[in-house]
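Here are a few short exercises to work through with the model open in your viewer. Try each one yourself before reading the solution.

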Amino acid sequence: MYTLQNNLTSFQVYGLQKLASFRKKFYVSEHHWLTKPATKKTSREKLMQEFVDIFCEHNFADTDYSVIQQEPLEFETMDEWIQQASVSAILKSFTYFIWTDKIVEGYFIGRIENRTVEKLLLRLEVAIKEEHIAA
């Protein structure tokens with residue numbers, strides 16, 4: 001069975017690829033709500049729920065937030081940290097966004113709108129490609 005960083009299964013690697021595809025869904029496609037009026041709330045919620053469903057179906061949740069709390073402190077900016085973030089750190093970030101949204105309504109959509117999710121998804125795409133080249 002093909003494995004990626006942290007011994008992910010081929011099923012999980014496929015899930016990572018599906019998650020990475022949301023960069024285009026969130027920011028480039030007809031679903032892209034940053035350029036659409038806020039009246040598209042249902043499609044926003046549907047798209048976010050699809051992301052969460054894929055995330056959960058592939059068992060990516062990891063609530064050990066120590067990495068995402070400590071590593072960014074070693075960099076001058078959050079963008080610098082994201083540009084080198086591991087797949088594990090990206091998944092922990094998404095876990096944090098998803099679970100925090102359960103307590104603070106709108107938290108996840110806020111991370112989408114401020115483009116943090118876009119940067120993490122772009123890094124995820126790069127990390128997947130790097131792993132395939134190295135394999």
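Contact here means heavy atoms within 4.5 Å. Keep in mind that this is a predicted model.

**Exercise 1.** Work out the overall fold make-up of the chain and how far apart in sequence its contacts reach.

*Solution.* Start with the secondary structure: the chain has 8 helices and 0 strands. Reading along the sequence then gives α-α-α-α-α-α-α-α. Now take the contacts between residues at least 6 apart in sequence: 68% of them join residues at least 24 apart.

**Exercise 2.** Find which residues touch the most other members of the largest nonpolar core, and which helices supply the core.

*Solution.* First, the burial: 41% of the 135 residues in the chain are buried. Next, the largest nonpolar core holds 37 residues, and Phe26, Phe51, Phe94, Val117 and Leu124 touch the most other members. At least two core residues come from each of α1, α2, α3, α5, α6, α7 and α8. The largest share, 7 residues, is from α6. In soluble globular proteins, nonpolar side chains tend to be buried together.

Now zoom in on Phe94. Skip its neighbours within four places in sequence, and its contacts are Phe51, Phe55, Val117, Leu120 and Leu121.

**Exercise 3.** Explain why the buried residues of α1 lie on the same side of the helix.

*Solution.* List them: Gln12, Val13, Gly15, Leu16, Leu19 and Ala20 are buried in α1. These residues are on the same side of α1 because they cover an arc of only 155° around the axis. As a rule, an α-helix has 3.6 residues a turn, so residues three or four places apart point the same way.

Conventions. Residues numbered from 1 in each chain as written. Predicted model: local features only at pLDDT ≥ 70, side-chain atom pairs only at ≥ 80, totals over all residues. Heavy atoms only, no water. Core = buried A, V, L, I, M, F, W, Y, C linked by side-chain atoms within 4.5 Å. Buried < 20%, exposed > 50% of the residue type's maximum accessible area, 1.4 Å probe, protein only. Helix = DSSP H or I, 4+ residues; strand = E, 2+ residues; numbered from the N terminus. Arc of directions from axis to C-beta.
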